[in-house]
Amino acid sequence: MPNAQWEFVVFESDELNAFALPGGKVGVYTGLLNLAESNDELAAVMGHEIAHVSSRHSGERYSSQIIAAGLSATADEVMKAKKVEDQKRQIAMAVFGGVAQGPMLKFSRDHETEADIIGVRFAAGAGYDPRAAITFWQRMQKANEGRAEPWILLSTYPSNETRIRQLQEIAPPSMSRSMRPHEIAI
Ligand SMILES: [Zn+2]
């Protein structure tokens with residue numbers, strides 16, 4: 001993606017969530033970061049988010065490139081604001097949430113499955129253990145059992161059980177750590 005301007009930002013929030021915006025902006029909340037028990041598990045999440053961007057899942061939903069550019073610009077502003085004092089940061093988070101929830105909530109079940117499949121390949125191609133996607137989602141399932149708040153990003157997926165089952169089918173064939181990214185890109 002020659003035109004992508006990748007930026008990965010950690011937001012301080014207990015939410016178990018991560019998100020992707022058109023153009024390569026990827027955010028991850030500390031809640032999710034702390035839940036991941038290995039770099040392999042974090043790579044599973046990042047692979048999933050990167051796959052949403054590289055597959056242009058958000059972009060497909062906007063007829064105008066201008067809207068996509070606007071989303072990225074908004075993300076930029078939020079990311080620049082991330083070190084300002086708490087009150088401003090919270091405002092920024094609220095703004096960002098409002099922006100992010102639109103495209104996030106509309107990821108279809110097909111998009112989620114596609115992001116899982118491609119994301120696992122990205123993680124494997126980068127040298128991470130793709131089976132970590134399975135253990136991560138099992139951890140997410142457990143962590144969400146006692147939580148009232150819905151997760152924004154992943155709530156559109158039919159169920160954790162389905163996702164874990166699919167990943168169990170996907171991950172083993174992606175196991176080769178010798179794969180290089182150009183061989184796995186689709
Ligand atoms: Zn997703």
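In which strand is the place of Val 9? In this predicted model, Val 9 belongs to strand β1. Its relative accessible area is 3%, and because the threshold for a buried residue is under 20%, Val 9 counts as buried. Val 9 also lies 7.9 Å from Lys 25, taken from C-alpha to C-alpha, although 16 residues separate the two in sequence.

The segment that precedes β1 (7-11) contains Met 1. With a relative accessibility of 39%, Met 1 is classed as partly exposed. Together with Trp 6 and Phe 8, Met 1 makes a nonpolar surface patch of about 290 Å².

The account now turns from the surface to the interior. In soluble globular proteins, nonpolar side chains tend to be buried together. Here, the largest nonpolar core has 20 residues, and those touching the most other members are Leu 32, Val 45, Phe 136, Trp 137, Met 140 and Leu 167. Two or more residues of this core come from each of β3 (25-29), α1 (30-35), α2 (39-54), α6 (132-144) and α7 (160-170). The greatest contribution is that of α6, which supplies five residues.

Leu 32 offers a view of the surroundings of one such core residue. When neighbours within four places in sequence are set aside, Leu 32 is in contact with Val 45, Phe 136 and Met 140, three residues that are likewise listed among those touching the most other core members. The remaining contacts of Leu 32 are with Glu 15, Leu 16, Asn 17 and Ala 18.

Key. Residues numbered from 1 in each chain as written. Predicted model: local features only at pLDDT ≥ 70, side-chain atom pairs only at ≥ 80, totals over all residues. Heavy atoms only, no water. Patch = residues over 30% accessible without salt bridge, like charges linked within 9 Å, V, L, I, M, F, W, Y side chains within 5 Å. Areas by Shrake-Rupley, 256 points an atom, 1.4 Å probe, with all protein chains shown as cover. Salt bridge = Lys/Arg side-chain N within 4 Å of Asp/Glu carboxyl O. Helix = DSSP H or I, 4+ residues; strand = E, 2+ residues; numbered from the N terminus. Buried < 20%, exposed > 50% of the residue type's maximum accessible area, 1.4 Å probe, protein only. Core = buried A, V, L, I, M, F, W, Y, C linked by side-chain atoms within 4.5 Å. Contact = heavy atoms within 4.5 Å.
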